[in-house]
Amino acid sequence: MSRTVKGSPHASAPVLAAYRYCEAVTGHQARNFAYGIRLLPTEKRHAMSALYAFSRRVDDIGDGPLDPEAKRTRLADTRALLDRMRGGGIEEDDTDPVAVALAHAAHRFPIPLDALDELIDGVLMDVAGQTYETWDDLKVYCRCVAGAIGRLSLGVFGTAPGTGHSEDELERAPAYADTLGLALQLTNILRDVREDAATGRTYLPADDLAKFGCTAAFRSSTAPPDADFTGLVHFEVRRARALFTEGFRLLPLLDRRSGACVAAMAGIYRRLLDRIAKDPAAVLRGRVSLPGHEKAYVAVRGLAGLDARAVERRGPGRPV
C-alpha cells in the first residue's frame with residue numbers, strides 16, 4: 001500500500017533512498033555546493049540535496065537541447081509537480097526520487113516551495129532569450145534564479161533565536177539570503193561570460209556594456225578591440241562585493257553549522273570574485289576556479305565562525 005510522504009523524524013527506506021539519489025546528483029554536478037552542505041547535520045544536508053536536485057532539473061531543462069516550446073512544456077510539467085507536492089500528492093513509492101525527497105524535506109522544514117516557481121520563471125526568461133538593459137532589470141532575473149535559492153535554503157537553515165539579535169534583525173534574514181543569492185549569481189555571470197556568449201546569451205546589463213565599449217559578444221580569448229573590458233569587470237566586481245557585504249549579515253543570525261555552510265559556499269564564490277578582479281581577462285580564457293586547498297581553508301573559516309564574527313565586529317555596510 002502506498003503512503004503519502006510525511007515529514008517524520010525517522011525517514012523510511014524509500015525516502016532515504018531518494019535522499020541518497022539527490023546527494024549523488026549534488027556531489028556529481030555541484031562540487032562547490034556539495035562542499036558547503038557537507039558541514040550540515042544529516043537532516044539539513046538531505047534537505048539541501050533535495051533542493052539542489054530539483055533546482056538542477058529546472059536549470060537543465062533551460063540549458064538543454066530541446067526547442068523552446070518543448071522546454072516550456074517540460075517546465076510547465078515541473079510546475080505541476082510542485083503543485084502536487086504542495087497538495088500532499090507525492091507518495092513514498094513514487095518513481096521520481098527527487099519529488100519524494102523534496103516532499104519529505106518540505107514537511108520537515110518550512111521551505112517556501114513557491115520560490116521554486118520563481119526559479120522556473122527565471123529559466124523561462126532564459127528560454128525566451130531575454131536580455132537586460134539595466135542592473136534593475138538583471139536583478140529581477142537574479143532574484144528568480146538565485147535569490148529564490150537563498151530564501152529556500154534559509155527555510156532549511158532557520159535563524160537562531162537567542163543569539164542576541166532583535167526580532168527585527170531576525171526578520172531581515174530572508175532579505176539577506178536573497179541578496180547573498182544575487183552576489184553569487186553576479187559572480188557566476190562574470191565567470192561564465194564567454195561560455196554564455198558561445199550559446200548566444202548575454203546577461204550583463206546593456207547599459208554597462210555600452211559604458212565600457214563592450215557591446216560586442218565575448219566569443220574569443222581576448223577582449224573586443226577598443227573595449228575597456230577590465231573596467232567593465234572591475235565595475236561589476238564592486239557591485240558584487242557590495243552585495244556580498246550586505247548578504248553576509250545573514251551569518252550571525254544562523255546556528256553554527258548552518259552559518260559554516262553558508263560561509264563556505266559564499267566564501268568560495270567571493271574568492272572566485274577576487275581572482276577575477278586580479279585578472280579580468282582570465283574569464284575569457286576559461287573557467288576560473290579555486291584549488292582544493294583554498295576551498296578547505298574557506299570551510300575551516302566557516303566552521304570556526306570567523307566570517308560571522310567579522311560581520312559582528314565591523315557592523316552593517318562595512319566589508320567582511
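**Notebook: helix α6, salt bridges and the nonpolar core**

I began with the surroundings of α6 in this predicted model, and I noted that the elements covering its buried residues include α3 (42-63), α4 (68-86), α5 (97-108) and α7 (135-157). I then looked up how much of the helix is covered, and found that 10 of the 14 residues of α6 are buried. The buried residues are A115, L116, D117, L119, I120, G122, V123, M125, D126 and V127.

For the geometry of α6, I recorded that the helix runs over residues 114-127 and reaches 20 Å from its first C-alpha to its last, close to the 20 Å expected at 1.5 Å a residue. Just after the helix, I found that G129 takes a positive phi of about 70°.

Next I turned to charged side chains, and the total for the structure came to 28 salt bridges. I kept in mind that side chains of opposite charge can pair when their charged atoms come close. One group forms a network of salt bridges that links R79, D83, R86, D114, D117 and D121; of these, I had already listed D117 among the buried residues of α6.

I then went through three individual pairs, starting with R172 and E169, whose side chains meet in a salt bridge at 2.4 Å, N to O. How accessible are the two partners, R172 and E169? R172 has a relative accessible area of 37% and is partly exposed, whereas E169 has 14% and counts as buried because the cut-off for buried is under 20%.

The second pair is R287 and D192, with a salt bridge at 3.1 Å, N to O, between their side chains. This pair links distant parts of the chain, 95 residues apart: I placed R287 in the loop between α14 (282-285) and α15 (292-304), and D192 in the loop between α9 (173-191) and α10 (193-198). On accessibility, I noted that R287 is partly exposed at 49%, while D192 is buried at 12%.

The third pair is E236 and R239, for which the closest N and O atoms of the salt bridge are 3.0 Å apart. Both residues belong to helix α12 (residues 229-247), where they are 3 residues apart, about one turn of the helix. An α-helix has 3.6 residues a turn, so residues three or four places apart point the same way. I checked burial for this pair as well: E236 is buried at 0% relative accessibility, and R239 is buried with a relative accessible area of 18%.

I moved on to the nonpolar packing, with the general background that in soluble globular proteins nonpolar side chains tend to be buried together. Which residues touch the most other members of the largest nonpolar core? I found F54, M85, F218 and F229, in a core of 109 residues. The largest share of this core, 13 residues, comes from helix α13 (residues 256-278).

I followed F54 further, and with its neighbours within four places in sequence left aside, F54 is in contact with T78, L81, L82, M85, V98, L102 and L116. One of these contacts, M85, is itself named among the core residues that touch the most other members, and another, L116, is a buried residue of α6.

My last entry concerns S12, which lies in the segment before α1 (13-29). S12 counts as buried at 14% relative accessibility, and it touches R3 and E92 when residues up to four places away in sequence are not counted.

Conventions. Residues are numbered from 1 along each chain as its sequence is written. This is a predicted model: local features need pLDDT of at least 70, side-chain atom pairs count only at pLDDT 80 or more; totals for chains, interfaces and linings use all residues. Side-chain values use heavy atoms; hydrogens and water are left out. Helices (H or I, at least four residues) and strands (E, at least two) are DSSP runs, numbered from the N terminus. The expected span of a helix is 1.5 Å times one less than its number of residues. Buried means under 20% relative accessible area, exposed over 50%, partly exposed in between (1.4 Å probe, protein chains only). Contact means heavy atoms within 4.5 Å. A salt bridge is a side-chain nitrogen of Lys or Arg within 4 Å of a carboxyl oxygen of Asp or Glu. A nonpolar core is a set of buried Ala, Val, Leu, Ile, Met, Phe, Trp, Tyr and Cys residues joined through side-chain atoms within 4.5 Å.
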